[in-house]
Amino acid sequence: MEIAWVGLKWYRKIFSDEDVWLNLQATSHFLFWTIFFQGLLGLTLALLLNKKFKGHETLTTFVVLPMMLSPAVVGVFWKYIYQPQAGLFNYFVNAIHNFGEFTMIGDVSLAPWSIIIVDTWMWTPFVMLMCLAGLRSIPDYLYEAAEVDRANKWQQFIHITLPSVLPFLMLAVLLRGIENFKMFDLVNELTGGGPGSITELASIHLKRAAFEKWRTGYSSAFAVVLFVAVLGAGNIYVKFLNKMKEK
Amino acid sequence: MAATLDTTKSPLAPSVTSRRIAAFLIILYATISFIPMVLIVSTAFKSVSDAISYPPKILAEPSLEGFVNLFTQRTRQSAEYLETLPPPKTWYEEIVRKRKMVIAGPSRFFHRFVNSMVIGFGATFFSVFFGTIAAYAFSRFRIPLKDDLLFFVLSTRMFPPIAAAVPIFLMYRKLGLSDSHLGMIMLYTVVNLSLSVWLLKGFIDEIPKEYEEAAMVDGYSRMSAFFKIILPQAATGIAATAIFCLIFAWNEYAFAILLTFREAQTLPPFIPTIIGEGGLDWPAISAATMIFLLPVVVFTIILRKHLLRGITFGAVKR
């Protein structure tokens with residue numbers, strides 16, 4: 001078979017394609033809110049766990065469980081939880097405030113949030129563990145010295161706790177960012193990119209183009225674009241990683 | 001130990017009240033985040049009609065219908081035909097008969113389960129085997145472009161699996177490897193290699209070089225020093241790495257759904273396709289999910305001290 005070279009045709013097509021920009025919008029929305037909630041919740045939980053109350057180690061193990069599970073299988077099960085009638089999620093939400101009947105994964109405005117909730121449920125423990133590692137790395141004498149200098153709790157938090165936890169939080173956020181940028185399994189099972197293409201993240205778009213529309217040239221070019229983007233983020237991640245190791 | 005120190009008036013120790021509030025909030029979060037897990041187990045033991053009832057039932061009359069549906073294929077029969085049959089011999093036949101159906105044969109679940117085991121353990125064995133050798137080399141020898149090579153190894157993990165799946169799909173079709181155990185084992189070995197090399201390098205780095213050097217002064221070859229000194233010292237690390245590789249291969253979905261169909265299909269792409277009459281069979285899916293998640297839960301509890309290390313590729317050691 002003779003090969004017909006098309007030059008940069010597919011790349012031109014990708015960058016001028018309006019759908020691609022919509023996918024990137026959906027991806028950034030997903031990225032921003034998952035990182036926001038996971039960072040906030042994870043840091044809070046880590047600060048709470050660091051109070052070292054009785055049984056905090058057992059509870060940590062309990063809290064951590066969701067992140068090791070298979071996102072695809074968890075995604076299917078959350079479809080059951082999100083069911084408009086038999087689903088527990090709608091039942092609880094309506095118990096708090098009665099919204100009447102609504103469907104999380106079928107509704108255009110709610111579907112993006114349905115995947116954010118599940119991802120936050122799965123990965124908050126990871127951010128929490130990272131922040132906890134940061135908190136545990138702070139030597140006691142820093143607080144003792146601050147206490148001698150009459151710094152109040154708030155000042156201690158701003159000047160000792162936060163700066164020590166920040167690199168760990170950053171590493172966690174960076175890793176979550178990379179992982180969620182290429183998010184596929186959870187969303188593919190939970191919403192499948194729908195309704196329409198509201199939750200069609202970059203990877204889902206690629207899968208649809210490659211394995212449903214069989215646009216091999218287009219999807220290969222799109223794969224390259226994705227890879228370059230992730231590689232850039234990955235490079236920063238590894239630089240960060242090596243810096244953490246030196247400590 | 002911390003509990004006995006409570007009474008000391010150290011300015012650093014959190015006050016009793018703040019500790020109580022913290023404990024309460026954590027328990028609240030743990031409870032909420034645990035509801036889906038409880039629901040998986042409880043739905044697995046519901047009957048099909050209880051699983052889709054409104055309002056949702058958290059607890060219902062226990063039933064093994066989900067498990068029976070998971071392991072069997074059934075066909076609906078007319079009442080006249082059912083009357084001609086001899087009475088059901090086993091408890092599972094009885095459950096099926098109550099739904100006006102007869103068992104037509106075993107389902108594909110067991111086959112998919114075996115596939116998951118074979119591919120999971122196969123890929124884990126090879127990635128830990130090659131990973132240990134590579135990690136030892138990266139840890140002990142001076143290798144040109146070492147950092148770049150390590151980054152290159154890691155970049156296979158950065159690659160979005162779907163992006164990699166397009167060329168692999170085309171290659172495997174040419175080579176006759178698509179939908180084969182060998183193909184999936186090879187693929188997962190390569191993807192897991194990044195994890196095993198980075199993790200094991202960290203573990204081997206922690207073993208002092210002096211141990212081997214002393215052994216080699218005593219006349220050990222490098223090979224026997226590796227087997228007699230490094231391997232026993234790194235045993236915990238190797239075990240932890242193996243469990244991480246196994247969990248990854250066990251959970252992997254993106255490659256599996258695109259590259260396997262019948263022969264080598266693993267559980268993650270299979271579970272979402274379990275359908276009963278009128279849509280997804282939730283008790284059967286929950287039963288499958290429960291069986292599928294149980295080993296991972298056990299491994300997570302075993303690994304709890306190493307979890308961060310595994311997920312951050314050895315960057316965080318606590």
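1. Let's start in chain A, with a bend worth finding on screen. Helix α8 of chain A, residues 153–181, has a kink of about 40 degrees at Leu162(A). The kink comes shortly before a proline, Pro163(A). Further along α8(A) there are a good number of buried residues, among them Val165(A), Phe168(A), Leu171(A) and Ala172(A). The list also takes in Arg176(A) and Glu179(A), as well as Phe181(A).

2. Keep in mind that this is a predicted model. For the complex, the predictor reports an ipTM of 0.87 and a pTM of 0.87. Chain B has an average pLDDT of 86, and 96% of its residues score at least 70. Please go easy on residues 1–9 of chain B, where the pLDDT is below 50. Leaving aside near neighbours in sequence, that stretch has four contacts in the model.

3. Which elements of chain B mark the two ends of the confidence range? The highest mean pLDDT, 94, belongs to helix α6 of chain B (residues 109–140), and the lowest, 79, to strand β3 of chain B (residues 275–276).

4. Now the overall build of chain B. Its secondary structure consists of 16 helices and four strands. The radius of gyration of chain B is 26 Å, while the globule rule gives 20 Å for 318 residues, so the chain is more spread out than a compact globule. The C-alpha trace of chain B spans about 85 × 70 × 35 Å along its principal axes. Of the 318 residues in chain B, 40% are buried. Contacts in chain B reach far along the sequence: counting those with a separation of 6 or more, 74% are between residues 24 or more positions apart.

5. How do the two chains meet? At the interface, 61 residues of chain B are in contact with 64 residues of chain A. On the chain B side, the elements giving two or more residues include α7 (146–158), α12 (235–251) and α15 (282–303). The largest share comes from α1(B), with 15 residues. Sorted by class, this side of chain B has 50 nonpolar residues, eight polar and three charged.

6. Last, a look at one strand pair in chain B. Strand β1 (residues 72–76) and β2(B) run antiparallel, joined by five bridges. Within this pairing, Arg74(B) has Ile103(B) in β2(B) as its bridge partner. Is strand β2 of chain B, residues 101–106, well covered or hardly covered? Hardly covered: of the six residues in β2(B), the number buried is zero.

Methods: Residues numbered from 1 in each chain as written. Chains lettered and ligands numbered in written order. Predicted model: local features only at pLDDT ≥ 70, side-chain atom pairs only at ≥ 80, totals over all residues. pLDDT = per-residue confidence, 0-100. Contact = placed C-beta atoms within 7 Å. Rg over C-alpha atoms; globule rule 2.2 N^0.38 Å. Buried ≥ 20, exposed ≤ 12 C-beta atoms within 10 Å, placed from the backbone. Bend = angle between axes of the 7 residues up to and from the residue. Nonpolar A, V, L, I, M, F, W, Y, C, P; charged D, E, K, R; others polar. Pairing = 2+ DSSP bridges.
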